[in-house]
Amino acid sequence: MASDPSVDVVRVQQSCSSSSASPELSEEPPAEMVKMTKSKTFQAYLPNCHRTYSCIHCRAHLANHDELISKSFQGSQGRAYLFNSVVNVGCGPAEERVLLTGLHAVADIYCENCKTTLGWKYEHAFESSQKYKEGKFIIELAHMIKDNGWE
């Protein structure tokens with residue numbers, strides 16, 4: 001019965017709300033207790049008054065709606081949006097890929113909080129008609145959710 005996770009959760013909640021000052025409660029809690037009570041912090045928070053996009057997996061803020069350039073892009077897993085700038089993302093190494101619009105140097109981007117690959121950053125476009133994409137970010141719809149102020 002002690003291996004039942006629901007029992008452990010109840011035990012943790014009871015010990016956290018206990019007012020007794022016994023020596024065993026003043027010790028450092030086990031790592032699993034810290035995991036359950038630790039709140040998430042992101043590198044950047046976008047203003048609550050603006051429409052934003054967040055990571056669907058961990059709800060970290062990703063982009064402000066004002067930074068959206070186009071909804072007409074194709075990612076590796078379906079539709080994707082092109083953004084001018086994003087927050088809370090890390091960038092992998094650049095590599096050359098042949099995409100629907102030709103050869104580009106792109107770097108995969110991932111959520112800094114949950115490490116999920118979200119899309120990519122255009123580092124270099126080899127065709128002059130595609131130069132406008134350089135320095136811009138693709139995030140696939142499969143990995144983001146609308147937050148704040150959407151009606």
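Begin at Glu 112, which counts as partly exposed at 26% relative accessibility. The model on display is a predicted one, and the tour proceeds from this residue through the salt bridges, the aromatic rings and the surface patches.

**First stop: Glu 112 and Lys 115**

Select Lys 115 together with Glu 112; their side chains meet in a salt bridge, with N to O at 3.5 Å. Lys 115 lies in the loop between strand E6 (102-111) and E7. Its backbone also deserves attention, since phi of Lys 115 is near 70 degrees, a positive value in a residue other than glycine. Most residues other than glycine have a negative phi.

**Second stop: Arg 59 and Asp 147**

Which other residue should be selected for a positive phi although it is not a glycine? Arg 59 is such a residue, with a phi of about 70 degrees. Arg 59 is located in the loop between strand E1 (52-55) and strand E2 (61-64).

Now add Asp 147 to the selection. Asp 147 and Arg 59 form a salt bridge in which the closest N and O atoms are 2.5 Å apart. Because Asp 147 belongs to strand E9 and Arg 59 to the loop between E1 and E2, the pair ties together parts that are 88 residues apart in sequence. Is each partner buried or partly exposed? Asp 147 is buried, with a relative accessible area of 11%, whereas Arg 59 is partly exposed, at 42%.

**Third stop: further salt bridges**

The structure has 5 salt bridges in its count. One of them is found by selecting Lys 131 and Glu 134, whose side chains meet with N to O at 3.4 Å. Lys 131 is partly exposed, with a relative accessible area of 36%, and Glu 134 is likewise partly exposed, with 28%. Next, select Glu 95, Arg 97 and Asp 108, which are joined into one network by salt bridges that share partners.

**Fourth stop: the aromatic rings**

How many aromatic pairs does the structure hold? There are 4. Select Tyr 81 and Phe 83 to see a tilted pair, with 6.4 Å from centre to centre and 50 degrees between the planes. Both Tyr 81 and Phe 83 are buried. Another pair consists of Trp 120 and Tyr 122, and this one is edge-to-face: the centres are 6.3 Å apart and the planes stand at 80 degrees. Trp 120 and Tyr 122 are both buried. Then return to Tyr 81 and Phe 83 and add Tyr 53, for these three residues form one aromatic cluster.

**Fifth stop: a nonpolar surface patch**

Turn to the surface and select Val 98, Leu 103 and Phe 126. Together, Val 98, Leu 103 and Phe 126 make a nonpolar surface patch of about 280 Å². Phe 126 is situated in the loop between strand E7 (117-125) and strand E8 (137-140). With 39% relative accessibility, Phe 126 counts as partly exposed.

**Last stop: a positive surface patch**

Which residues form the positive surface patch? Select Arg 51, Lys 71, Arg 79 and Lys 146 to display it. Among them, Lys 146 has its place in strand E9 (residues 144-147), the strand that also holds Asp 147 from the second stop. Lys 146 is partly exposed, with a relative accessible area of 47%.

Note on methods. Residues are numbered from 1 along each chain as its sequence is written. Side-chain values use heavy atoms; hydrogens and water are left out. Patches are made of residues with over 30% relative accessible area and no salt bridge: like charges are joined within 9 Å, nonpolar side chains (Val, Leu, Ile, Met, Phe, Trp, Tyr) within 5 Å. Accessible areas come from the Shrake-Rupley method with a 1.4 Å probe; for residues, only the protein chains shown count as cover. A salt bridge is a side-chain nitrogen of Lys or Arg within 4 Å of a carboxyl oxygen of Asp or Glu. Lys and Arg count as positive and Asp and Glu as negative; His and the chain ends are not counted. The place of a charge is taken as NZ of Lys, CZ of Arg, CG of Asp or CD of Glu. Helices (H or I, at least four residues) and strands (E, at least two) are DSSP runs, numbered from the N terminus. Buried means under 20% relative accessible area, exposed over 50%, partly exposed in between (1.4 Å probe, protein chains only). Rings of Phe, Tyr and Trp (its six-membered ring) pair if their centres lie within 6.5 Å; planes under 30 degrees apart count as stacked, over 60 as edge-to-face and the rest as tilted.
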